[in-house]
Amino acid sequence: MSTETTASVSTHILDTSIGRPAESVAISLSARAGLGGEWAALGGSATDADGRCKDLPALPEGTTHVRLDFETETYFSTKQSEDKQAEAQQDAPRVRDSGAFFPEVTITFAVNPGEHYHVPLLLNPFGYSVYRGS
């Protein structure tokens, strides 16, 4: 596969509720050719300690649309358990519900051959934002 005939994708996640990367978030990647095309699951990965997902599968030639699915519920469930332990140790009052209002986040975007698309996810328990990064 030539990088001139295919696009490439990368992503990372920042948990804005704590100002740190979101580690161990499962991400799956799908692609299609054309608006009416069938989605093809290409595989997935998970974020590392820096919140980055460095090993997403390559996109096939002819890809026009990409879908990233972020599994956020497991991340927030794990984080909620850790937060409760920290609060118990510090005897601190609970300041917010740590559940996941969005159990998953799906981002779909258009791509052009030969271009790289970095799509960061800014995440917190009650909202998220994405943008095309560099």
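This short presentation concerns two neighbouring residues of strand β1, threonine 11 and histidine 12, and then the pairing of strands β9 and β10. Please keep in mind throughout that the model is predicted.

I begin with threonine 11, which belongs to strand β1, spanning residues 8-15. Its relative accessibility is 1%, and because buried means under 20%, threonine 11 counts as buried. A polar atom of the threonine 11 side chain lies 2.4 Å from the backbone oxygen of valine 119. Setting aside neighbours within four places in sequence, threonine 11 is in contact with a series of residues, among them Ile27, Leu56, Leu68 and Phe70. The list also includes Gly51, Arg52 and Cys53, as well as His118, Val119, Pro120 and Leu121.

I turn now to histidine 12, also in strand β1. Histidine 12 has a relative accessible area of 16%, so this residue is buried as well. Which residues does histidine 12 touch, not counting those up to four places away in sequence? They are Gly51, Arg52, His118, Val119, Pro120 and Leu121. For glycine 51, the C-alpha to C-alpha distance from histidine 12 is 5.2 Å, although 39 residues separate the two in sequence. With arginine 52, the contact is polar and runs from side chain to side chain, at 3.5 Å.

Finally, I come to strands β9 and β10. Strand β9 covers residues 121-124 and strand β10 covers residues 127-130. The two run antiparallel and are joined by 4 bridges. A hairpin of 2 residues connects β9 to β10. Within this part of the model, leucine 123 stands opposite tyrosine 128 of β10.

Note on methods. Residues are numbered from 1 along each chain as its sequence is written. This is a predicted model: local features need pLDDT of at least 70, side-chain atom pairs count only at pLDDT 80 or more; totals for chains, interfaces and linings use all residues. Side-chain values use heavy atoms; hydrogens and water are left out. Buried means under 20% relative accessible area, exposed over 50%, partly exposed in between (1.4 Å probe, protein chains only). A polar contact is a pair of N or O atoms within 3.5 Å; within protein, one must be able to donate a hydrogen and the other to accept it, and residues adjacent in sequence count only if both atoms are side-chain atoms. Contact means heavy atoms within 4.5 Å. Two strands pair if DSSP finds at least two bridges between them.
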